[in-house]
Number of protein chains: 2
Amino acid sequence: MKPHEAYQRLVRWSKEITTIENIIGLLRWDQSCYMPPKGYKHRAEQISFLTMEKHQRLRDDRIEEWLEKAEEAFHGDDPHSPERANIREWRRWFLKARKVPLEIAKEIARVTSEANHIWEKARKENNWKLFEPYLEQIFSLKTEEAEALGYREDPYDPLLDEFEPDFSSKDFDGILKILLPTLKELLERILENPVKIDSSCLYRHFPIPLQERFGLLVAKKLGYDFDAGRLDITTHPFTVSISPEDVRVTTRYREDDFSLSFFAVVHEVGHALYDQGLTKDYWGTPAGMAVSLGIHESQSRFWENMVAKSYAFWKFWYPSLLQYFPILTDVPLETFWKALNRVQPSLVRIQADELTYPFHIAIRYEIERYALKKDLKVSDIPNYWSEKMEYYLGLKPSSFVEGPLQDIHWSVGLIGYFPTYLLGNIYAAQFLSRMQRDLGGDIDKFIETGLFGIILGWLREHIHQKGSRFLPKELLEDVTKSPPDPSFFVKYLKDRLGSIYNL
Amino acid sequence: MKPHEAYQRLVRWSKEITTIENIIGLLRWDQSCYMPPKGYKHRAEQISFLTMEKHQRLRDDRIEEWLEKAEEAFHGDDPHSPERANIREWRRWFLKARKVPLEIAKEIARVTSEANHIWEKARKENNWKLFEPYLEQIFSLKTEEAEALGYREDPYDPLLDEFEPDFSSKDFDGILKILLPTLKELLERILENPVKIDSSCLYRHFPIPLQERFGLLVAKKLGYDFDAGRLDITTHPFTVSISPEDVRVTTRYREDDFSLSFFAVVHEVGHALYDQGLTKDYWGTPAGMAVSLGIHESQSRFWENMVAKSYAFWKFWYPSLLQYFPILTDVPLETFWKALNRVQPSLVRIQADELTYPFHIAIRYEIERYALKKDLKVSDIPNYWSEKMEYYLGLKPSSFVEGPLQDIHWSVGLIGYFPTYLLGNIYAAQFLSRMQRDLGGDIDKFIETGLFGIILGWLREHIHQKGSRFLPKELLEDVTKSPPDPSFFVKYLKDRLGSIYNL
């Protein structure tokens with residue numbers, strides 16, 4: 001076999017795996033949006049069938065030989081060329097798939113499928129003890145998985161690497177060490193501050209059909225292509241790529257809460273703009289794929305927070321908003337904008353403001369690390385959670401539902417996932433700083449005149465179109481000339497909150 | 001390998017093929033209902049990927065051995081037992097898949113994918129010549145396919161057998177020979193008759209949301225389980241099984257046409273009741289699958305025509321209908337019912353009444369047979385069509401769109417499919433006759449009191465739950481003690497139209 005032929009075989013193999021993943025995406029989307037209730041059992045079988053088809057391909061005996069052969073063809077090229085990056089990533093896929101014994105993978109699939117069901121029940125009944133044995137099994141299986149994958153320092157690392165390649169717990173510890181004390185101090189200054197923000201205007205009556213129309217209007221203006229996407233309603237908002245030209249988002253609505261749906265739409269559209277902006281010529285290969293969950297989250301957070309919670313954004317949109325919702329007529333733009341940025345410690349992660357959000361992640365991250373190493377017993381998680389919550393935010397959950405039963409992640413086996421949420425914030429601030437530099441200072445001038453295309457253009461060129469050609473840290477370095485650094489995020493928060501709270 | 005083990009392997013193989021078909025079902029449903037326009041290209045690739053996965057399994061080298069071994073286990077059983085029927089049907093699948101060379105199958109997939117596109121364009125432009133070369137290729141490939149599949153008397157037979165197993169063109173000729181002259185005579189008597197039916201009440205203003213609510217109400221009452229199904233909107237109504245507990249239907253609406261959507265809903269619900277009524281324990285094997293398109297169509301026609309166009313049906317529903325659509329208040333039940341059953345020769349098959357419908361099928365069937373044998377040139381189809389249409393119904397199409405460009409079937413390679421529509425009518429009348437006998441005379445007494453469960457119960461017991469354990473002709477024989485016989489359909493038509501047209 002010639003080197004180029006080996007490469008072409010790998011491309012076909014990679015595209016087939018992507019096609020399977022895309023079909024699974026549709027099966028999940030349908031399950032959340034339209035599937036009738038009794039369809040549940042067979043849908044699980046359909047997804048599990050395709051998942052096994054994918055796994056079989058990932059473990060294909062011939063891949064190793066093809067990879068070695070293909071490498072010969074591109075040996076002298078730039079390591080970030082699409083071909084060399086593809087070979088690097090394919091090797092990662094293949095090695096990982098080979099390392100985890102099929103029995104562990106199957107057992108994790110089996111246990112999490114049941115555990116997720118039990119978690120839903122436990123949440124309804126506020127019953128931690130019901131969920132506990134399942135979570136014990138999950139942590140124990142995940143430790144096994146980590147051992148199988150192998151690691152240098154910490155069993156957390158190979159799990160985190162699944163979601164954020166080449167990123168270690170040591171890297172993340174370094175970030176938290178700088179970030180948490182600074183934010184804690186900032187939070188204390190805000191809470192002691194006499195300035196209080198009234199956010200009641202966000203909880204007036206907002207008819208759902210109008211929320212939907214306004215959301216569609218904004219999504220379109222931000223650059224989301226509805227000929228290659230759509231917006232539906234689900235309990236938990238998400239984005240799914242069914243193909244590079246079919247990237248769908250979902251949201252949920254409450255008549256008495258403007259932010260709930262609007263910022264979910266902008267957040268998911270941020271994800272979708274990334275997926276719609278990947279290079280179509282490289283579709284089905286890593287060079288045409290999103291690089292990590294952290295970078296993905298940086299895109300959603302960028303649009304949700306940096307853009308859509310800025311004063312400039314509402315300077316542009318507020319007149320339209322008042323036409324949709326005349327009930328806000330008595331609310332000055334300034335009041336509305338401040339309400340959106342109000343800092344208020346709370347027990348629930350997904351309701352957290354930008355400043356208190358990192359503490360929610362820190363608690364989950366610590367628990368995951370200790371539980372994986374068996375330094376924390378699963379039965380002690382609720383107590384640990386309460387203590388940490390009180391330490392960081394001065395609040396104590398009065399129920400398990402407000403505590404460790406609030407997130408779906410652990411029940412479906414996502415351990416090592418939470419850090420990527422915070423990395424998203426940190427990367428986003430770093431990208432913002434670079435973008436401002438590249439675009440000649442503050443980007444507010446584009447936002448307040450609705451020139452979102454300029455911002456999207458920058459993200460497309462510097463991030464989206466690069467796919468997975470750079471590893472996340474390399475991409476940060478390449479774009480911002482700096483490694484991941486939380487100081488950009490701190491500066492961004494101080495700027496925004498400073499003007500609101502007169503700090 | 002032990003015989004029972006071989007059988008269990010075949011069951012797993014059969015279920016995997018069914019799972020693939022179900023996933024393809026969802027991909028197609030989504031394509032028609034919700035997919036954004038740009039998703040088209042990748043959707044075609046996703047479907048083609050799964051179709052090849054299915055074909056590979058159907059041709060699996062090990063199947064022949066498993067079949068032989070499995071037969072040993074059930075040798076002495078009833079030939080209609082689930083196991084023996086499964087082995088019989090699996091053998092049919094396997095032999096068929098093996099006989100057609102992969103190149104022909106691929107070429108048909110390629111040509112029809114393009115041809116369907118061209119057909120849409122040709123329809124828009126009323127341009128037969130545009131479509132002609134593609135249809136030539138399709139007929140020629142289908143002749144090749146028929147040769148590969150093999151036949152005794154007519155190349156049409158193996159194609160018809162795809163949709164109606166064990167049913168030959170000779171069988172169908174026998175039916176047409178009796179049916180057409182009788183219906184022609186009946187039609188002439190009706191057209192010469194001084195009684196004229198005014199159907200204008202069906203074309204008043206019927207708001208779409210109310211049509212939808214009324215359709216849902218009726219579908220539910222007929223027994224359609226909405227926890228295992230749903231109703232959406234598409235250009236062409238259809239039913240799709242995504243799993244035995246997820247059988248979806250679609251319809252379309254026109255504000256100025258009551259029948260268009262209502263009878264589409266009842267028709268598709270008839271299909272869905274069959275699929276929802278298959279034996280779940282046999283899911284994924286022929287014993288739990290619909291047996292043929294003709295039997296499937298008999299279920300949709302039974303509910304659409306025998307039940308929902310009966311006087312008894314509207315005796316039950318008309319009061320509700322008037323509440324939904326007060327615009328009908330001045331229309332007596334009798335007038336409304338007669339309007340639904342009006343006989344009126346027309347050029348378009350899907351608008352045809354029950355009496356003229358068979359002629360539309362006859363024309364298509366004749367053309368297919370002659371074109372396959374090359375006794376009719378594709379370029380001569382429009383002329384042949386016009387002549388036949390004038391002979392049967394006294395009408396001449398003024399455009400190709402009203403002629404041979406009206407149906408999608410040929411463009412997607414469905415040759416040998418049309419007869420099953422007419423067989424559906426014939427079987428349905430035959431089932432009706434037997435049902436009346438079993439249930440103690442006329443079933444109107446159940447219909448007019450809304451006891452649809454009794455009718456559904458009979459269909460479940462005698463048809464749905466038998467899956468493919470009997471071949472279609474055997475099923476007819478088993479249930480009605482008669483081979484397929486058009487005289488039941490003629491009698492049914494004479495009864496219904498006789499009372500409307502005072503014949």
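Two residues are taken to be in contact if their C-beta atoms, placed from the backbone, lie within 7 Å. With that in hand, the sheet of chain B makes a good starting point in this predicted model. Helix α10 of chain B, residues 258–277, lies across β1, β2 and β3 of chain B. The helix runs at about 165 degrees to β3(B).

The sheet beneath this description is an open one of 3 strands, in the order β1-β3-β2 of chain B, and its pairing is mixed. The edges are taken by β1 (231–233) and β2 (239–243) of chain B; each has a single partner strand, so one side of each is left without a neighbour in the sheet. On average, and with direction ignored, neighbouring strands are turned by 30 degrees against each other. As for the pairing itself, 4 bridges link β2(B) with β3 (residues 246–251) of chain B in the antiparallel sense. Within this pair, B:Ser243 stands opposite B:Asp246 of β3(B).

Chain A also holds an open sheet of 3 strands, ordered β1-β3-β2 and mixed in its pairing. Here the edge strands are β1 (231–233) and β2 of chain A, each of which pairs on one side only. From one strand to the next, the twist averages 30 degrees. The parallel part of the pairing can be seen between β1(A) and β3 (residues 246–251) of chain A, which are joined by 3 bridges. One position to look at is A:Ile233, whose bridge partner in β3(A) is A:Thr251. Helix α1(A) packs on this sheet and touches β1, β2 and β3 of chain A, its direction making about 135 degrees with that of β2(A).

Helix α1(A) returns at the interface between the chains. There, 27 residues of chain A are in contact with 27 residues of chain B. On the side of chain A that touches chain B, the elements giving two or more residues are α1 (3–33), α2 (40–58) and β2 (239–243) of chain A. The largest share, 7 residues, comes from α1(A). By class, this side of chain A has 11 nonpolar, 7 polar and 9 charged residues.

How are the two chains related? A rotation of 180 degrees, with 0.0 Å of shift along its axis, superposes chain A on chain B with an RMSD of 0.0 Å. This is the relation of a two-fold axis. Moreover, 100% of the interface residues of chain A are also interface residues in chain B, so the copies meet through the same surface.

Helix packing completes the picture. In chain A, helix α16 (residues 418–438) and helix α19 (residues 472–480) pack at an angle of about 20 degrees, with their axes 10 Å apart. With angles under 35 degrees counting as roughly parallel, α16(A) and α19(A) are therefore roughly parallel to each other. The crossing of α16(A) past α19(A) is left-handed. The contact is made by A:Tyr427, A:Gln430, A:Phe431, A:Ser433 and A:Arg434 of α16(A), together with A:Leu476, A:Val479 and A:Thr480 of α19(A). These residues divide into 4 nonpolar, 3 polar and 1 charged.

In chain B, the axes of helix α14 (residues 357–372) and helix α16 (residues 419–438) come within 9 Å and cross at roughly 145 degrees. This crossing of α14(B) and α16(B) is left-handed. B:Pro358, B:Ile361 and B:Tyr365 of α14(B) meet B:Pro419, B:Tyr421 and B:Leu422 of α16(B). The contact of α14(B) with α16(B) has 6 nonpolar residues, with no polar and no charged ones.

Definitions and conventions:
Residues numbered from 1 in each chain as written. Chains lettered and ligands numbered in written order. Predicted model: local features only at pLDDT ≥ 70, side-chain atom pairs only at ≥ 80, totals over all residues. Axes fitted to C-alpha atoms, helices over the stretch in contact; angles between N-to-C directions. Parallel < 35°, antiparallel > 145°, perpendicular 65-115°, else oblique. Left-handed = near helix turned anticlockwise from the far one by under 90°. Nonpolar A, V, L, I, M, F, W, Y, C, P; charged D, E, K, R; others polar. Least-squares fit on C-alpha atoms with pLDDT ≥ 70 in both. Pairing = 2+ DSSP bridges.
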